[in-house]
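Trainee: I am new to this one. Can we go through the terms and what backs each of them?

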Amino acid sequence: MNGTLPFGIPLDDFLAFASATAAFLVLLAIWQGLVVRDPLAARVRALANRRDALRAGLRANRGHGTRGELRESGLSLVRRVVMRLNLFRGQQSERIALKLARAGKRSKDAVVVYLFCKFAMPFILGGVGVLMFNVVDADSINPAVRLLILSGGFIAGLYATDIYLKNATNKRVAKMRKGLPDALDLLVICAEAGLSLDASMTRVGREMANACAELAEEFALAALELGFLPERQKALNNLVDRTTMAEIRSLVNSLMQTERYGTPLAQSLRVLAAEFRDDRLMRAEEKAARLPATMTVPMILFILPSLFMVLGGPAAIQTMDTLSKM
C-alpha cells in the first residue's frame, strides 16, 4: 500500500498504529474481565482509616497533639513533586478531598494523586502526540494539523481527571440510588427492634455490603462519625455532602426532625422508603418510554441497511444478470 490519508499520514503507518491500539485495548479488556476484585476489603480499610482519623482528631482537641508529617509510602515521589510545586492549598485541598470522597476515593494519598494527575496529564497526552509524530511521517503532516493535535492532547489532559471523577461520581450515585429503598427497609426493621440510630446504620451497612457496597460504606461511615463527632448533626450533614443525593438529604432531614421533636422514626422511614421505591419505578418507566426514540438512529444506521441488502440484494443481482444477457 502506497496511499496516504487526507492529512498526509501514510496508510501503512496508520494501519500499524490502529492495529497496535486495537490489540492493546483487547488485552486490556481481557485483563479487566479476568481480574477478580474484592471491593469490600478496600472499603473496610477506608473505614478503619477514617476511624483512626476521627480518634486522632479527638486526641488533638484534648491536647495530645498529632504528627504533622506524612508517612512515607510507594507514592513518596509523587508526594514530593506535589509538595515541591506547592499544589496544596488550604481550602482547595478540602474541596478536592470532598470531590474525591463523592467518587469513593478516600485513601490518604487520593488528594496527592489527583493533584499530580491534574498537573501531569496535559504533558503526558502532549507527549503521546509527539510520539505519534515520530511513528508516522511527521514531515508529510500539515503544521497546522500537528499544532491542532498537540493542542487537543494538552486540553484533553486538562479535563481528563475531572471527567473521570465526574463519571465515577455519577455511577456511584446511580448505584446508591438503586439500593436506598432496600436500605431504608432494613433501617425501619432495626428502628422497630429498638436499636439506636448509629447501631441501626452500622447493622444496615453490614447487611448491605454485598447488595450495594457504596451505600453500605456511606452508612457505616456515618455511624462511625455519629459515635465520634461531638455533634450528631455534623455527622448527618457530612453524609449529605458526601453523597449529593436529594434522597439522602430527605432522609437526613427526617432523622434530624425525629431527634429534635421525638417523632416516630420507623413510620417516617417507612414513608420515605415507599416514596423512593416509587421514584425508582418511575425512572425505570421513563427509560422504557425513551427506548423507541433512542433506538431510531441506530436502527436507521445499522439495521435498515443490512435489511435492505438482504431483501433487495438477490433481486438486484438477478436483475443485473438479466440485463447483462440482453
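**Terms and their grounds**

Mentor: Start with the whole chain. Of the 326 residues in the protein chain, 29% are buried. Keep in mind that this is a predicted model.

Trainee: What is the secondary structure of the protein chain?

Mentor: It comes to 11 helices and 0 strands. Along the sequence, the pattern reads α-α-α-α-α-α-α-α-α-α-α.

Trainee: What share of the contacts with a separation of 6 or more is between residues 24 or more positions apart?

Mentor: In the protein chain, that share is 65%.

Trainee: Why is Cys190 called buried?

Mentor: Check the cut-off. Buried means under 20% relative accessible area. Cys190 has 10% relative accessibility, so Cys190 counts as buried.

Trainee: And what makes Cys117 partly exposed?

Mentor: Its relative accessible area is 27%. Partly exposed lies between the buried limit of 20% and the exposed limit of 50%. Therefore Cys117 is partly exposed.

Trainee: How many disulfides does a search of the whole structure find?

Mentor: The search finds 0. To count, a pair of cysteine sulfur atoms must be within 2.5 Å.

Trainee: Now the helices. Why is helix 7 called roughly antiparallel to helix 8?

Mentor: Look at the angle. The axes of helix 7 (residues 197-207) and helix 8 (residues 213-228) cross at roughly 155°. Angles over 145 degrees count as roughly antiparallel. So helix 7 is roughly antiparallel to helix 8. Their axes come within 8 Å, and the crossing is left-handed.

Trainee: Which residues make that contact?

Mentor: Helix 7 brings Leu197, Asp198, Met201, Thr202, Val204 and Gly205. Helix 8 brings Ala216, Phe219, Ala220, Ala222, Ala223 and Leu226. By class, the contact of helix 7 with helix 8 has 9 nonpolar, 2 polar and 1 charged residues.

Trainee: How do you know that helix 10 and helix 11 are roughly antiparallel?

Mentor: The test is the angle again. Helix 10 (residues 246-261) and helix 11 (residues 265-325) have axes that cross at roughly 170°. The cut-off is over 145 degrees. Helix 10 and helix 11 are therefore roughly antiparallel. Their axes come within 10 Å.

Trainee: Which residues meet there?

Mentor: From helix 10, Glu247, Ser250, Leu251, Ser254, Leu255 and Thr258. They meet Leu265, Ser268, Leu269, Leu272, Phe276 and Arg283 in helix 11.

Trainee: How do the residues of the contact of helix 10 with helix 11 divide?

Mentor: They divide into 6 nonpolar, 4 polar and 2 charged.

Note on methods: Residues numbered from 1 in each chain as written. Predicted model: local features only at pLDDT ≥ 70, side-chain atom pairs only at ≥ 80, totals over all residues. Heavy atoms only, no water. Axes fitted to C-alpha atoms, helices over the stretch in contact; angles between N-to-C directions. Helix = DSSP H or I, 4+ residues; strand = E, 2+ residues; numbered from the N terminus. Parallel < 35°, antiparallel > 145°, perpendicular 65-115°, else oblique. Left-handed = near helix turned anticlockwise from the far one by under 90°. Contact = heavy atoms within 4.5 Å. Nonpolar A, V, L, I, M, F, W, Y, C, P; charged D, E, K, R; others polar. Buried < 20%, exposed > 50% of the residue type's maximum accessible area, 1.4 Å probe, protein only.
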